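Good morning, everyone, and thank you for making the time. I would like to walk you through one structure slowly, so please keep the sequence and the picture in view while I talk.

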Amino acid sequence: MKKKLFIKTYGCQMNVYDSDRMVDVLAPLGYEPTNTPEGADMVILNTCHIREKASEKVYSELGRLRVMQNDKAAEGGRMVLAVAGCVAQAEGAEIMMRAPHVDMVFGPQTYHQLPEMVTRAVRGAGGVLNTDFPTESKFDLLPEEGTRHHGPAAFLSVQEGCDKFCTFCVVPYTRGSEYSRPVAQVLAEARRMVAGGTVEITLLGQNVNAFHGEGPDGKAWGLGRLIRALAEIDGLQRIRYTTSHPRDMDDDLIDAHGSVPQLMPFLHLPVQSGSDRILAAMNRKHTSDDYRRLIDRLRARQPDLALSSDFITGFPGETDQDFADTLRLISDVGYAQAYSFKYSARPGTPAASMGDRQVEESVKDERLQAVQQLLNAQQVAFNQGLIGHTIGVLFDRVGKLEGQLLGRSPFMQSVHAVVPSHLMGRIVDVHINGAHANSLSGDAVGLPPVLPVTPAEAVA
Ligand code: SAH
Ligand code: SF4
Ligand code: F3S
């Protein structure tokens, strides 16, 4: 009999990719995904440690799951409960202690060993803790063929880990050091996705533009070269990549933005702050001018490029002047969208022990609101600027309203339109006639008119 597997995914796209791969690893053991934890035979929380709020969620969720686990046991069943991802990596032993009903705790680099962990956990000899950084790469050991359909727009992890050690960030500790997958492996996975109907691939990595995977020629290939090779795959119509570090934007990658038509004109390039003093304290290894010049070079190659970024407000020692520099940078660059966060002190990171320089919560809040106000205004202006234009939209979801499909513009905006359902998975020209804070709406162009179905035809 098939067993039911429920995975709840927190955090970044890399966790989304990992959760999908866990489904692949567990399929041969008879586990099938389900969309509710109730009654499931296995529940995995794939967690995120990036900010305090994200981590806290795990313990409250574990409390709720305990009740379901007991219900299942009362019926004579068993719910195997697991914590995966970055909280597992950072706080594995603590989870085992605080939540002894958890059967397995494993980090982002060991889930290819799930079959063996499940066997050990089910035998019931206490919880399994697996937070090593193994010498082998999980990518070499994961099953090749996914059992699931990837969908029209899919993620493909090509790089993992980070050696940058920004002083606020846990990622180098939770994901480990930088690793790039071999080019041939990436191309093979991309070809399988495209053969299964995927038309857009987003290459993922904590520092994806630091990619330096071994090419078929035995040399290290940069991300630009990888993108050019992917662009040769018939049927792959759109390529994106995320997340990038400003220091790793090399000439070839910048050039790809102007010369590879499949590379979408949207780039998430986090800068975090506009103050050189704060950038130095963050160990970002670039100045705000370096970033500005980089944007100029990218826009020179691709004038349509829409930009996104991440910002942190209230990093230790941030003054009003530093913060004003951030607002100025945002105004100068102009973003299509961006994320902003209050600084959250993370245990074990250097910034967390910049004790006396921590910024007051109320100041962090005020600054966050100011940043968000400016970014929202830019986003609305960017969206409105598309009214009257016709853009390609890849429809990949069903909309809320009857007959509506939701898709993505080249610039990552959600676009909704009332179109025939067979356009799901296709890129369609849409004339934009509505712009909202977080989405666009429009009408498909160049389609045959939808004929009303007569009752006789409907029956036939
Ligand atoms: N590798 C990516 C970032 C991954 S984390 C990069 O270098 O850009 C995603 C975002 O979370 C970061 O860009 C940063 O803005 C935010 N972040 C990371 N640590 C944080 C912390 N301690 N407090 C607040 N925001 C943080
Ligand atoms: Fe974190 Fe910095 Fe690495 Fe990004 S580059 S993952 S922010 S340490
Ligand atoms: Fe979170 Fe880990 Fe991603 S900390 S943001 S899930 S790399």
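Let me begin at a ligand, where a backbone N or O atom of Ser344 lies 2.8 Å from a nitrogen atom of ligand 1. I should say at once that this is a predicted model, and please keep that in mind for everything that follows. Staying with ligand 1, a polar side-chain atom of Asp310 is 2.6 Å from one of the ligand's oxygen atoms, and the side chain of Gln272 places an N or O atom 2.7 Å from an oxygen atom of ligand 1. Those three residues, together with Phe168 and Gln206, come nearest among the 15 residues around this ligand.

Two of these names return when we turn to the other ligands. Phe168 is also among the residues around ligand 2, where the list includes Cys162, Cys166 and Cys169, as well as Lys164, His245 and Arg284. By class, the shell of ligand 2 has seven nonpolar, two polar and two charged residues. Gln206, for its part, is listed around ligand 3, in the company of Cys12, Asn15, Thr47, Cys48, His49, Ile50, Cys86 and Arg175. Here the shell divides into four nonpolar residues, four polar ones and one charged.

Now let me step back to the overall layout. The protein is divided into domain 1, covering 3–130, domain 2, covering 138–384, and domain 3, covering 390–458. I will concentrate on how domain 2 meets domain 3, whose centres, taken over C-alpha atoms, are 29 Å apart.

How much area is buried between domain 2 and domain 3? The value is about 1400 Å², and carbon and sulfur atoms give 62% of that area. On the domain 2 side, Pro152, Arg238 and Asn383 lose the most area to domain 3, and together they account for 39% of what that side buries. In terms of contacts, 18 residues of domain 2 touch 19 residues of domain 3.

What kinds of interaction do we find there? The count of salt bridges between domain 2 and domain 3 is zero, whereas nine residue pairs are in polar contact. Strand β11, at 238–242, and helix α13, at 361–384, each supply at least two residues of the domain 2 side, and α13 gives the most, with five residues. Sorted by class, that side has nine nonpolar, five polar and four charged residues.

Although that interface has no salt bridges, the structure as a whole holds 32 of them. One of these joins the side chains of Glu61 and Lys8, at 3.5 Å from N to O. Because Glu61 lies in helix α2, residues 52–74, and Lys8 in strand β1, residues 3–9, the pair ties together parts that are 53 residues apart in sequence.

I will finish with two details of the backbone. As a general rule, most residues other than glycine have a negative phi, and most peptide bonds are trans. Against that background, the peptide bond from Thr242 to Thr243 is cis, with omega near 0 degrees, and Thr243 is found in the loop between β11 and α9, the latter at 251–259. Lys285 has a phi near 65 degrees, a positive value in a residue other than glycine, and this lysine lies in the loop that runs between α10, at 276–281, and α11, at 288–301.

Thank you for listening, and I am happy to go back to any part of the picture.

Methods: Residues are numbered from 1 along each chain as its sequence is written. Chains are lettered from A and ligands numbered from 1 in the order in which they are written. This is a predicted model: local features need pLDDT of at least 70, side-chain atom pairs count only at pLDDT 80 or more; totals for chains, interfaces and linings use all residues. Side-chain values use heavy atoms; hydrogens and water are left out. Domain bounds come from an automatic or database domain assignment. Contact means heavy atoms within 4.5 Å. Buried area is the accessible area (1.4 Å probe) that two parts lose on being put together, summed over both. A salt bridge is a side-chain nitrogen of Lys or Arg within 4 Å of a carboxyl oxygen of Asp or Glu. A polar contact is a pair of N or O atoms within 3.5 Å; within protein, one must be able to donate a hydrogen and the other to accept it, and residues adjacent in sequence count only if both atoms are side-chain atoms. Helices (H or I, at least four residues) and strands (E, at least two) are DSSP runs, numbered from the N terminus. Ala, Val, Leu, Ile, Met, Phe, Trp, Tyr, Cys and Pro count as nonpolar, Asp, Glu, Lys and Arg as charged, and the others, Gly among them, as polar. A residue is near a molecule or strand if one of its heavy atoms lies within 4 Å of it.
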